[in-house]
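Subject: Structure handover

Hello,

Here is the structure for your set. Please load it first, then read the notes below.

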Amino acid sequence: MDGFAPLTHGYGPQDFRAASHGAGLTRRRLASSIGCRGVGLHSGLTISLTLKPAPLGSGIVFHRSDLGLDIPARHDLVVETRLCTQIGLPDNRAARVGTIEHIMAALAAAGIDDARIELDGPEVPILDGSAAPFLFLIDCAGTVEHYAPRAAIEVLRRVRVEDSHGAWAELSPNPEPAFDATVSIDFGETAIGRQSLSLRISVESFRRELADARTFTLAEDVARLRAAGLAQGGSLANAVVVDGPMILNPGGLRRPDEFVRHKMLDVVGDLALAGAPLLGRFTGHRSGHALNNQLLLALLRDSRNWRSTGGAALVEVEREKLVAA
Ligand SMILES: [Zn+2]
């Protein structure tokens with residue numbers, strides 16, 4: 001226990017919903033622990049994962065139980081962005097956790113502020129390649145709201161990053177206190193083709209529109225990845241594999257535009273490394289983990305680009321209201 005009693009009355013469901021997207025006076029965490037076992041996409045190792053409640057204010061922290069080390073889920077600890085997002089401690093090459101983006105997206109979308117994620121290996125299990133199994137675990141564990149300040153990061157100025165191949169991503173101010181995303185992809189003449197999607201991200205929209213979209217790869221890349229020691233755990237059970245105009249998975253796609261939906265899921269997970277909900281507009285064209293992380297670094301490195309809203313300031317307002325009453 002950390003001295004904070006669960007919030008059982010005083011706020012209605014509407015307040016909880018509002019608080020789950022932005023700043024507020026409630027923080028949400030898991031009500032109980034829950035675990036699973038699964039293969040790591042790149043390592044091929046079978047890894048045990050346990051999601052646990054964490055002290056209020058601790059944020060999301062990964063714990064490598066095999067190494068006895070904590071690795072906080074922070075944008076400035078990202079060490080690798082090829083194929084997945086990997087975080088690690090400086091000066092310790094072993095202290096890393098990979099493929100964190102799908103569980104980060106599920107936690108962010110479920111409005112979980114504080115959680116401990118224990119792993120006995122170097123990677124979050126890929127499960128079915130989407131965020132749906134992680135949402136299922138969170139649902140089974142249950143969540144609890146506590147009276148505690150929750151800040152949000154409001155985007156004040158447009159920030160843009162791009163690479164040398166025409167891919168780009170930007171964050172800009174949003175007149176409404178929400179996070180809106182527009183993502184487009186272009187895979188030429190393959191079964192993926194050109195797809196785009198715009199969505200206001202909320203608990204409900206993430207669950208309905210994005211959570212079950214699986215990660216994907218091109219068949220021509222699979223052999224190359226395997227030779228490079230990557231994708232050792234990859235299979236048709238945890239990724240959509242595209243070979244030119246064909247989908248190789250016997251069951252086909254879950255949705256016709258599953259690819260762009262998964263890209264948006266990745267954006268939600270990668271930007272969750274800001275450590276607080278973002279209020280702004282994301283627009284990306286062919287962006288991936290690398291640009292998503294560069295964008296967050298560019299936003300947060302200049303204090304004129306953003307401000308922290310809510311949180312402690314709201315506590316003061318509430319205090320004054322109580323005194324006045
Ligand atoms: Zn992904």
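Let me start at one histidine. Setting aside neighbours within four places in sequence, His102 is in contact with Ile126, Gly129, Ser130, Ala131, Phe134, Thr215, His262, Leu265 and Asp266. His102 sits in helix α2. It is buried, with a relative accessible area of 4%. Please keep in mind that this is a predicted model.

**The zinc site**

Two of those contacts return as zinc ligands. The zinc ion is coordinated by NE2 of His102, NE2 of His262 and two OD atoms of Asp266. The distances run from 2.1 to 2.7 Å. Along the chain, the donors follow the spacing H-x159-H-x3-D. The site links distant parts of the chain: His102 is in helix α2 (residues 101-109), Asp266 is in helix α6 (residues 258-271), and the two are 164 residues apart.

What is the geometry of the site of the zinc ion? It is irregular, with angles of 52 to 151° among the four donor atoms. Four donors count as tetrahedral only if all angles lie between 85 and 135 degrees. For reference, the ideal angle for four tetrahedral donors is 109.5 degrees.

Is Asp266 buried or exposed? Asp266 counts as buried, because its relative accessibility is 7% and the cut-off for buried is under 20%.

**How α2 meets α6**

The two helices that carry His102 and Asp266 also pack together. Their axes are 7 Å apart, at an angle of about 75°. That makes α2 roughly perpendicular to α6. On the α2 side, the contact uses Glu101, His102, Met104, Ala105 and Ala108. On the α6 side, it uses His262, Leu265, Asp266, Val268, Gly269 and Asp270. By class, that contact has five nonpolar, three polar and three charged residues. Zinc donors are part of it: His102, His262 and Asp266 appear both in the coordination and in the helix contact.

**Helix α3**

Phe134, a contact of His102, belongs to the next helix to look at. In α3 (residues 132-141), the buried residues are Pro133, Phe134, Leu135, Leu137, Ile138 and Ala141. They pack against β1 (24-30), β2 (34-39), β3 (46-53), α2, β10 (143-155) and α4 (203-210). Just after α3, Gly142 takes a positive phi of about 80°.

**Two strand positions**

Ala148 is found in β10, one of the elements that α3 packs against. Ala148 counts as buried, at 4% relative accessibility. Ala148 and Gly57 are 91 residues apart in sequence, yet 8.3 Å apart in space, C-alpha to C-alpha.

Asp70 lies in strand β5 (residues 69-72). It is partly exposed, with a relative accessible area of 39%. Beyond its neighbours within four places in sequence, Asp70 is in contact with Val61, Phe62, His63, Leu89 and Arg116. The C-alpha atoms of Asp70 and Ile117 are separated by 9.4 Å, with their positions 47 residues apart along the chain.

**The whole chain**

How many helices and strands are there in the protein? There are eight helices and 19 strands. Of the 325 residues, 51% are buried. Take the contacts between residues at least 6 apart in sequence: 73% of them join residues at least 24 apart. The pair of His102 and Asp266, 164 residues apart, is one example of such a long link.

Best wishes

Note on methods: Residues are numbered from 1 along each chain as its sequence is written. This is a predicted model: local features need pLDDT of at least 70, side-chain atom pairs count only at pLDDT 80 or more; totals for chains, interfaces and linings use all residues. Side-chain values use heavy atoms; hydrogens and water are left out. Donors are N, O and S atoms within 2.8 Å of the metal (3.2 Å for Na, K and Ca); water is not among the atoms, so sites may look incomplete. Four donors count as tetrahedral if all angles lie between 85 and 135 degrees; four count as square planar and six as octahedral if opposite donors are over 155 degrees apart and all others between 65 and 115; anything else is irregular. Helices (H or I, at least four residues) and strands (E, at least two) are DSSP runs, numbered from the N terminus. Buried means under 20% relative accessible area, exposed over 50%, partly exposed in between (1.4 Å probe, protein chains only). Axes are lines fitted to C-alpha atoms, for helices over the stretch in contact, and angles run from 0 to 180 degrees between N-to-C directions. Angles under 35 degrees count as roughly parallel, over 145 as roughly antiparallel, 65 to 115 as roughly perpendicular and the rest as oblique. Contact means heavy atoms within 4.5 Å. Ala, Val, Leu, Ile, Met, Phe, Trp, Tyr, Cys and Pro count as nonpolar, Asp, Glu, Lys and Arg as charged, and the others, Gly among them, as polar.
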